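Subject: A structure for you to look at

Hello,

Here is the model I promised to pass on, with some notes on what turned up in it. Please have a look at it before you read further.

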Amino acid sequence: MCSSDLVEDVGELHPAARFALACSPPTDLAGVDGLSIFTDGSAAPGAGTGPPALGWSAVVVARRGGSYHLVGVLYHEAAGSGPVIEQDHVRDSNCMELAAVVWALVWIVVSRPPCAL
């Protein structure tokens, strides 16, 4: 999971997304009550006869008491999943949605967070 400080330029984000990042500063997992993982994936038609534009992402948010904190983000370019996705013969939005969930599960297995998900 990429630390939120690796999300460099947030100038192009929607104002609501910038507000959400500002309200949920990064945190470590000590004392966290639970984690929520949000995923998304998409495949936009390519220009002309080109391949589709593929992408997926996962965001982990921690709950500690009554507040929420950003744990990190993972997305297709940072995870290096591009070559794997490009080899798949079915490249549509459903595949990208599933790729986001799979990579989130990989993060869970590797990280073994000390709280409920």
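The sheet is a good place to start: 3 strands form an open sheet in the order β1-β2-β3, with antiparallel pairing. Because β1 (34–44) and β3 (67–75) each have a single partner strand, they stand at the edges, and one side of each is left without a neighbour in the sheet. From one strand to the next, the twist averages 20°. Please keep in mind that this is a predicted model.

Now to the pairings themselves. β1 and β2 (residues 53–64) run antiparallel and are joined by 11 bridges. Within this pair, Leu 35 stands opposite Ala 62 of β2, and Gly 41 has Trp 56 in β2 as its bridge partner. On the other side, 8 bridges join β2 to β3, again in antiparallel fashion; here Val 60 has Gly 72 in β3 as its bridge partner. The hairpin of β2 and β3 has 2 residues between the strands, and Gly 65 takes a positive phi near 65° there.

Next comes the helix that packs on this sheet. Helix α4 (residues 93–111) lies across β1, β2 and β3, and it runs at about 150° to β1. Trp 107 has its place in this helix. Is Trp 107 buried or exposed? Its relative accessibility is 9%, below the 20% cut-off, so Trp 107 counts as buried. Along the chain Trp 107 and Val 60 are 47 residues apart, while their C-alpha atoms are separated by 10.0 Å.

Both of these residues belong to the largest nonpolar core, which has 7 residues in all: Val 32, Leu 35, Val 60, Ala 62, Val 71, Trp 107 and Cys 115. In soluble globular proteins, nonpolar side chains tend to be buried together.

Ala 62 deserves a moment of your time as well. Which residues is Ala 62 in contact with, leaving aside its neighbours within four places in sequence? They are Thr 27, Val 32, Gly 34, Leu 35, Ser 67, Tyr 68, His 69 and Val 71. Among them, Val 32, Leu 35 and Val 71 are members of the largest nonpolar core, as is Ala 62.

Happy viewing, and do write back with any thoughts.

Best wishes

Definitions and conventions: Residues numbered from 1 in each chain as written. Predicted model: local features only at pLDDT ≥ 70, side-chain atom pairs only at ≥ 80, totals over all residues. Heavy atoms only, no water. Pairing = 2+ DSSP bridges. Helix = DSSP H or I, 4+ residues; strand = E, 2+ residues; numbered from the N terminus. Axes fitted to C-alpha atoms, helices over the stretch in contact; angles between N-to-C directions. Contact = heavy atoms within 4.5 Å. Core = buried A, V, L, I, M, F, W, Y, C linked by side-chain atoms within 4.5 Å. Buried < 20%, exposed > 50% of the residue type's maximum accessible area, 1.4 Å probe, protein only.
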